Amino acid sequence: MKEKIIKWLLILLGAAFLGIMLVLPLATVLVYALRQGFEVFIQAVTDDYSVKALKLTLFTTVISVAVNTLFGVFAAWAISKFQFRGKQVLTALIDIPFSISPIIAGLVFILVFGRIGWAYPLLETWNIKIVFAVPGIVLATIFVTFPFVSRELIPLMQAQGSDEEEAAALMGAKGLLIFRKVTFPHIKWGLLYGIILCTARALGEFGAVSVVSGHLRGKTNTLPLHVEILFNEFKLTAAFAVSSILVLIAVLILILRNIVESRVKQEER
């Protein structure tokens with residue numbers, strides 16, 4: 001009886017905490033976004049600046065996820081399947097974005113590619129603009145989402161071991177074929193899970209992008225930056241309306257993540 005009381009008390013406390021900290025704020029965003037009517041909501045989300053911000057956010061997310069997925073697979077494969085000098089250093093470097101503030105990451109890009117950066121003269125010679133332009137936003141987003149895919153894959157591939165790959169190699173299979181037929185089936189759900197986490201992080205990135213973007217409305221503003229500008233201009237309904245787009249995307253990503261987790265559990269049984 002005592003254990004049941006403790007169990008239900010913990011469940012209620014957990015549900016109350018999640019309701020207050022997560023569900024209530026998200027519901028408030030949606031309610032506030034629609035408080036002046038659906039027409040005002042549609043007008044805010046279809047505004048030219050909002051559409052451009054959404055397109056830039058999606059473009060940045062697609063590029064960042066593609067790059068980090070490719071790197072994550074290669075890095076996880078190298079770290080988990082091979083022994084080489086500097087392996088621990090590579091593993092530690094992958095975790096750097098977890099330990100560095102995104103704002104500091106943005107400042108680093110300013111110091112490297114900005115007017116005071118050592119790479120600026122070369123970039124100016126080739127007429128390439130990184131800071132206060134789309135390439136800088138993409139690079140900053142890639143940096144902050146760097147570890148998500150590789151960190152999902154490394155434990156899986158280490159647990160898998162290398163016996164099956166070695167057996168396939170002895171039978172004459174080449175590297176890409178070994179990965180496609182032997183390695184990938186074991187990591188496919190972990191890879192998808194890492195991609196989902198990377199996508200969610202890229203969509204909501206604010207700090208690093210805020211530093212390198214220059215806040216050029218209609219050019220370098222992603223959706224989170226556009227929300228900040230609307231809020232600072234006291235256009236609260238528009239700000240919450242645009243925010244609701246990110247909320248809805250987050251809910252869809254959460255649903256997809258739960259589907260992936262359930263599939264993983266089914267395969268493990």
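Reader: Why is S244 called buried in this model?

Author: In this predicted model, the relative accessible area of S244 is 1%. Buried means under 20%, and S244 is therefore classed as buried.

Reader: Where does S244 lie, and what does S244 touch?

Author: S244 is placed in helix 14, residues 236-268. Leaving aside residues up to four places away in sequence, S244 touches V29, L30, A33 and F41. Contact here requires heavy atoms within 4.5 Å.

Reader: How do you know what confidence the predictor assigns to the protein?

Author: The mean pLDDT is 86, and 97% of the residues reach 70 or more. Among the elements, helix 8 (residues 134-144) has the highest mean, 94, whereas helix 10 (residues 163-170) has the lowest, 75.

Reader: Why is L22 called partly exposed?

Author: L22 has a relative accessibility of 47%. The class between buried and exposed runs from 20% to 50%, so L22 counts as partly exposed. This residue belongs to helix 1, residues 2-33.

Reader: What makes the nonpolar surface patch that includes L22?

Author: F17, L18, I20, M21, L22 and V23 make the patch, with an area of about 620 Å². A patch residue needs over 30% relative accessible area; the 47% of L22 satisfies that requirement.

Reader: What makes K52 and D48 a salt bridge?

Author: Their closest N and O atoms are 3.5 Å apart. The cut-off is 4 Å, so the pair qualifies as a salt bridge. Both residues lie in helix 3 (residues 48-81), four residues apart, which is about one turn of the helix. An α-helix has 3.6 residues a turn, so residues three or four places apart point the same way. K52, at 39% relative accessibility, counts as partly exposed, and D48, at 46%, does likewise.

Reader: Why is the salt bridge of R151 and D95 said to tie together parts apart in sequence?

Author: The side chains of R151 and D95 meet at 2.8 Å, N to O, which is within the 4 Å cut-off. R151 lies in helix 9 and D95 in the loop between helix 4 (87-94) and helix 5 (96-99), so the pair ties together parts that are 56 residues apart in sequence. R151 is partly exposed, with a relative accessible area of 26%, and D95 is partly exposed with 26%.

Reader: How do you know that R217 and E233 form a salt bridge, and which parts of the chain does the pair link?

Author: The closest N and O atoms of R217 and E233 are 2.8 Å apart, within the required 4 Å. The pair links distant parts of the chain, 16 residues apart: R217 in the loop between helix 12 (207-213) and helix 13 (223-232), and E233 in the loop between helix 13 and helix 14. Relative accessible areas of 29% for R217 and 34% for E233 place each residue in the partly exposed class. R217, E233 and K235 are linked in a network of salt bridges.

Reader: How many salt bridges does the rule give?

Author: The count comes to five salt bridges.

Reader: How do you know that the span of helix 9 is close to what is expected?

Author: Helix 9 (residues 148-160) has 13 residues and reaches 19 Å from its first C-alpha to its last. At 1.5 Å a residue, 18 Å is expected, and the computed span is close to that value. The buried residues of helix 9 are F148, V149, S150, L153, I154, M157 and Q160. G161, with a positive phi near 75°, follows helix 9.

How values were computed
Residues numbered from 1 in each chain as written. Predicted model: local features only at pLDDT ≥ 70, side-chain atom pairs only at ≥ 80, totals over all residues. Heavy atoms only, no water. Patch = residues over 30% accessible without salt bridge, like charges linked within 9 Å, V, L, I, M, F, W, Y side chains within 5 Å. Areas by Shrake-Rupley, 256 points an atom, 1.4 Å probe, with all protein chains shown as cover. Helix = DSSP H or I, 4+ residues; strand = E, 2+ residues; numbered from the N terminus. Buried < 20%, exposed > 50% of the residue type's maximum accessible area, 1.4 Å probe, protein only. Expected span 1.5 Å × (residues − 1). pLDDT = per-residue confidence, 0-100.
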